[in-house]
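Reader: I am new to this structure and would like a close look at one part of it, the strands and how they pair. Please take me through that part step by step.

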Amino acid sequence: MTTLRPLTRQARALAWFTLAALIGVPLAQAHGDEPHDDQPPPKTAATLSNASPKDSSAPQRLPDGSLWVPKPAQHQLGLRTQPAQVQRHAIALELNGKVLPDPNAGGRVQATQAGRIEAGPAGLPMLGATVRKGQVLAYLRPVASSLDRGNQQASLADLDAQYAVAERKLARYAQLEGAIPQKDIDTARIERDALRQRRDAVRNSVSQPEALTAPVNGVLAASHVVLGQVVDARELLFDIVDPTRLMVEALVYAPAQTTSLSEASAVLPGGLVTLRFAGGGQQLRDQAMPVLFRVMRSTAPLAVGQTLPLTARSQQTAEGVAVPRSALVRRSSGDTIVWRHDAPEHFSPRVVRFVPLDAERVVVTQGLQAHDRVVTQGASLLAQVR
């Protein structure tokens, strides 16, 4: 009978490995200081920054602050980029302006005396109505106190009596023509005519209303009257402006800068306003120099008295990269950044310094180099990626 010998240590190990290979049981191996469990080793920051998260289709922010944005996400965000070109540009000043009417195309109607408002030939004009120069807008009937009105009526009665006497005197002289000198007849006629003119003038001042006429052609921008209203002398009644001839006044706090201004522009919700420098004052107002710009073209509606931020171009130049204002993103720390397109799916933030160029663009003087690709559309959406 055959006697079974116990397996040696090497034989038992070989049998275990063979059985494990047949049933597919994973084997734990330990080499040096490697972990002895089944969990994969943690990824380091360097590994995350060098490797893109290919297992996700959503944009992700990497530990170094840059972004990984796949192509489908870039299309959804509407990202647009442009290459940076370093050039010299005319810098601009950012000013706050106020829309004013052109003094040669606008006008005001004021009361020359105290009186009561009466309707014109076509009634009181409505706001926005087109008026012509010399058009009667309303009538102003003078009002006076009881004492003044009594004095005027007394003067009128006295002039009526003097005129009646002069009329009879001239009639008698006319009957005696040839018997009295002709110079006496002429003198009587002149006295009668003078008294008639004085009487008519006093009568008109008592009862005749004053016509309020438009001084220029334009559009009625403001009306401060109603029927029967009693107004005082110099009170503003109507404002007339020409909407095609407007100006913008701004304040410059460095008087030396007024000599280098040329053009300006302003971006409004309804469009773009293009302006041209018209002149500046020589007297400070609130420690600033007032300057005027003429509106050359506007795709947005403007109203007199409206305030708008404008960018005035000067003759001073600066070297840098011109980018749209939509490319700038302000961080919570106060820094302004732009997003640089480093790779097809990789974006990195760049802290920049800039000066205004016009209403839609700025000149980046620090933070960008030539041929860098800058995100010009959708930069604010990239800043929200977490």
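Author: What follows goes through a few strands, their pairing and two residues within them.

This is a predicted model, in which local features need pLDDT of at least 70 and side-chain atom pairs count only at pLDDT 80 or more, while totals for chains, interfaces and linings use all residues. Residues are numbered from 1 along each chain as its sequence is written, and side-chain values use heavy atoms, with hydrogens and water left out.

The open sheet comes first. Its four strands have the order S9-S8-S6-S11, with antiparallel pairing. At its edges are strand S9 (210-213) and strand S11 (230-231), each of which pairs on one side only. Strands here are DSSP runs (E, at least two residues), numbered from the N terminus, and two strands pair if DSSP finds at least two bridges between them. Strand S6, residues 115-119, is joined to S11 by two bridges in the antiparallel sense. Across this pairing, Arg116 is opposite Val230 in S11.

Strand S8 of this sheet covers residues 136-142 and contains Ala138. Because its relative accessible area is 0%, Ala138 is buried; buried means under 20% relative accessible area, with a 1.4 Å probe and protein chains only. Leaving out residues up to four places away in sequence, Ala138 touches Ile117, Glu118, Ala119, Gly120, Leu124, Glu210, Ala211, Leu212 and Phe238. Contact means heavy atoms within 4.5 Å. Pro209 is 71 residues from Ala138 along the chain, and the two C-alpha atoms are separated by 9.7 Å.

Phe238, one of the contacts of Ala138, leads to strand S12. In S12, Phe238 stands opposite Val109. Strand S5 (residues 107-110) pairs with S12 in the antiparallel sense over four bridges. Strand S10 (residues 218-223) also runs antiparallel to S12, and four bridges join them. In that pairing, Val219 has Val241 of S12 as its bridge partner. S12 spans residues 236-241 and is mostly covered, with five of its six residues buried.

Strand S4, residues 86-101, holds the other residue to look at, Val99. Val99 counts as buried because its relative accessibility is 0%. Its C-alpha atom is separated by 4.4 Å from that of Val248, although the two residues are 149 apart along the chain. Beyond its neighbours within four places in sequence, Val99 is in contact with Leu246, Met247, Val248, Ala303, Val304, Gly305, Gln306 and Leu308.

How values were computed. Buried < 20%, exposed > 50% of the residue type's maximum accessible area, 1.4 Å probe, protein only.
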